[in-house]
Amino acid sequence: MTSWYESHIDRQIREAQERGDFDDLPGAGRPLPDRGELYDEDWWVRDLARREGLPGGIPPTLRLRREVEDLPEGLAKFRTEDSLRRAVAELNVRIDRAKRSLMEGPPTVLRPLDADALVARWRELRGL
């Protein structure tokens, strides 16, 4: 004979399900938000900013990190090597400011970008 124990909370949930208290809830039948997406360690900051309606969106250090992460995929948008080098130099200045805590937001451990490596990749993409 198997004994079955139902806790007080489990019983309340079961009874609520039987009464239909969970039927037709907002979002029923839809996936939970952010399910199936890549893990983003700063999800809580974005979610907080969205929920609280914070002006300016995400903090500058997090925006900078996103720009650095997105740069390799956006190399094709640069028309000239000089424009790419200027963009990398500007990002490196901002990375330095962020590392010295001169920007708002969580601390960052970003490394300066290697302009020569990015230019080499840009040339590959252009077939040069």
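This report walks through two helices and the core they help to build.

## About the model

This is a predicted model, where local features need pLDDT of at least 70, side-chain atom pairs count only at pLDDT 80 or more, and totals for chains, interfaces and linings use all residues. Residues are numbered from 1 along each chain as its sequence is written, and side-chain values use heavy atoms, with hydrogens and water left out.

Helices here are DSSP runs of H or I with at least four residues, numbered from the N terminus.

## Helix α4

Let's start with α4, which runs over residues 81–99. The expected span of a helix is 1.5 Å times one less than its number of residues. For the 19 residues of α4 that gives 27 Å, and its end C-alpha atoms are indeed 27 Å apart.

Which residues of α4 are buried? They are Ser83, Leu84, Ala87, Val88, Leu91, Arg94, Ile95 and Ala98; buried means under 20% relative accessible area and exposed means over 50%, with partly exposed in between (1.4 Å probe, protein chains only). These buried residues cover an arc of only 130 degrees around the axis, so they sit on the same side of α4. (The arc is that of the directions from the helix axis to the C-beta atoms.) An α-helix has 3.6 residues a turn, so residues three or four places apart point the same way. Over on the other side of α4, Arg86 and Val93 are exposed. Just after the helix, Ser101 has a positive phi of about 60 degrees.

## Helix α5

Now for α5, residues 115–126: its twelve residues should span 16 Å, and the end C-alpha atoms agree, being 16 Å apart. Its buried residues are Leu118, Val119 and Trp122. Seen down the axis, they fall within an arc of 100 degrees, so they line one face of the helix. Their cover includes α4, while the cover of α4's own buried residues includes α3 and α5.

What happens at the ends of α5? At the N-terminal end, Asp114 acts as a cap, with a side-chain oxygen 3.1 Å from the backbone nitrogen of Asp116. After the helix comes Gly127, whose phi is positive, near 70 degrees.

## The shared core

A nonpolar core is a set of buried Ala, Val, Leu, Ile, Met, Phe, Trp, Tyr and Cys residues joined through side-chain atoms within 4.5 Å. The largest one has 17 residues, and Leu64, Leu71, Leu84 and Leu113 have the most contacts inside it. Helices α3 (60–70), α4 and α5 each supply at least two of its residues, with the largest share, six residues, coming from α4.

Leu64 touches (heavy atoms within 4.5 Å) Leu91, Arg94, Ile95, Ala98, Met103 and Leu110, not counting residues up to four places away in sequence.

Definitions and conventions: A polar contact is a pair of N or O atoms within 3.5 Å; within protein, one must be able to donate a hydrogen and the other to accept it, and residues adjacent in sequence count only if both atoms are side-chain atoms.
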